[in-house]
Amino acid sequence: MIPKHNIYCEPFGGAGWILFAKGGNAHDWRISSKPNYKEVFNDINGDLINFWRHIKFHPDAFHKELDQYVASREIFKDLLVMRPRTELERAVFFYYKLACSFGSLSSHFAVRGGKKKIPLFNYDKVMKASERLQDVVIDNLSFEKVITKYDRDFSFFYLDPPYYEKEDVYIRDDIKEFNLHDELREVLGQVKGKWLLSYNDHPYIRDLYKDYEISEVETKYSLSGEVKAKTEIIIKNY
């Protein structure tokens, strides 16, 4: 569903699933050789952006620091209250709490199989992620600022904002609960490029984007341990 583009931008980057899955070969995506192809990964969460920047610029240091830890309830509890002394520790603490928590919510300890189940204990994964990010611009702006900054006729935005009435799931130490669904709709209505938007299937969101193409996607939620079928929606302006 991703169209050709010369600028690819994710205003709500999060875990970067789409960025990593789409591949970074400019020849596969670009409309023309001018202007140069660009990918932009953005998120308002400063801890998350600090983590990705360390994966990009300092993968060896990150892995060496992380490798000192094991999956431990005691360590997890300590890191919930411990203040990092450096930006590297900040990145490692942030990732460890995600990897060793229930639902990656960084609040309750949960990990299956111990150390081997924490993905970035695998050095190859760290290095592959670092390599993928080498030509990616990593930014820490609000969604409206990053959209305005990179909006062109040849831009494509993939947006995966906090879902409606599920916003509290995304609260972290340095960000507030997202409540700007109307503002997001207003900004997207002015975009010159193309955009694709993922959302939970809710009447309010369907009404908000009734002027655009909406399609349904069946998926499964398994956070509670019980697999549940769910319908999500994809909205696009092209």
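These are my notebook entries on the sheet, the helices packed on it and the nonpolar cores of this structure, which is a predicted model.

**Entry 1, the sheet.** I began with the strand order and found an open sheet of seven strands, arranged E3-E2-E1-E4-E5-E7-E6, with mixed pairing. Its edges are strand E3, residues 136-139, and strand E6, residues 213-221, each of which pairs on one side only. From one strand to the next I noted a twist that averages 20 degrees.

**Entry 2, pairing around E5 and E7.** I then went through individual strand pairs, starting at the E6 edge, where nine bridges join E6 to strand E7, residues 228-236, and the two run antiparallel. As a reference point for this pair I wrote down Tyr221, which stands opposite Lys228 in E7. E7 is also joined to E5, again in the antiparallel sense, by five bridges, and here the bridge partner of Asn200 is Glu232 in E7. With E4, by contrast, E5 pairs in the parallel sense, over four bridges, and Leu159 stands opposite Leu197 in E5. I also asked how many of the seven residues of E5 are buried. Six of them are, so the strand is largely enclosed by the rest of the structure.

**Entry 3, helices on the sheet.** Next I looked up what packs on the sheet. Helix H7, residues 143-150, does so by touching strand E1 (7-10), strand E2 (38-42), E3 and strand E4 (155-159), and its direction makes about 160 degrees with that of E4. Helix H8, residues 181-188, also packs on the sheet, touching E4 and strand E5 (194-200), with its direction at about 160 degrees to that of E5.

**Entry 4, H7 against H8.** I wanted to know how the directions of H7 and H8 relate to each other. Their axes come within 10 Å and cross at roughly 5 degrees; since angles under 35 degrees count as roughly parallel, H7 and H8 are therefore roughly parallel to each other. On the H7 side the residues that meet H8 are Phe143, Glu144 and Ile147, and on the H8 side they are Glu183, Leu184, Val187 and Leu188. Sorting the residues of this contact gave me five nonpolar, no polar and two charged.

**Entry 5, the nonpolar cores.** I turned to the largest nonpolar core, which has 38 residues, and listed those that touch the most other members: Phe51, Trp52, Ile55, Phe62, Tyr95 and Leu120. The elements giving two or more residues to this core are helices H2 (46-57), H3 (59-66), H4 (73-81), H5 (87-99) and H6, together with strands E3 and E4. H5 gives the most, with eight residues. I followed Leu120 in detail and, not counting residues up to four places away in sequence, found that it touches Phe51, Ile55, Phe62, His63, Leu66, Tyr95, Lys125 and Val126. Apart from this core lies another, of 24 residues, with Tyr163, Trp195, Leu197 and Tyr209 among them.

**Entry 6, one serine in H6.** Last, I checked Ser130, which lies in helix H6, residues 123-133. Is Ser130 buried or exposed? Its relative accessibility is 5%, and because buried means under 20%, Ser130 counts as buried. Leaving aside neighbours within four places in sequence, I found Ser130 in contact with Ile55, Lys56 and Pro59; of these, Ile55 is also on my list of core residues that touch the most other members.

Definitions and conventions
Residues numbered from 1 in each chain as written. Predicted model: local features only at pLDDT ≥ 70, side-chain atom pairs only at ≥ 80, totals over all residues. Heavy atoms only, no water. Pairing = 2+ DSSP bridges. Axes fitted to C-alpha atoms, helices over the stretch in contact; angles between N-to-C directions. Contact = heavy atoms within 4.5 Å. Parallel < 35°, antiparallel > 145°, perpendicular 65-115°, else oblique. Nonpolar A, V, L, I, M, F, W, Y, C, P; charged D, E, K, R; others polar. Buried < 20%, exposed > 50% of the residue type's maximum accessible area, 1.4 Å probe, protein only. Core = buried A, V, L, I, M, F, W, Y, C linked by side-chain atoms within 4.5 Å.
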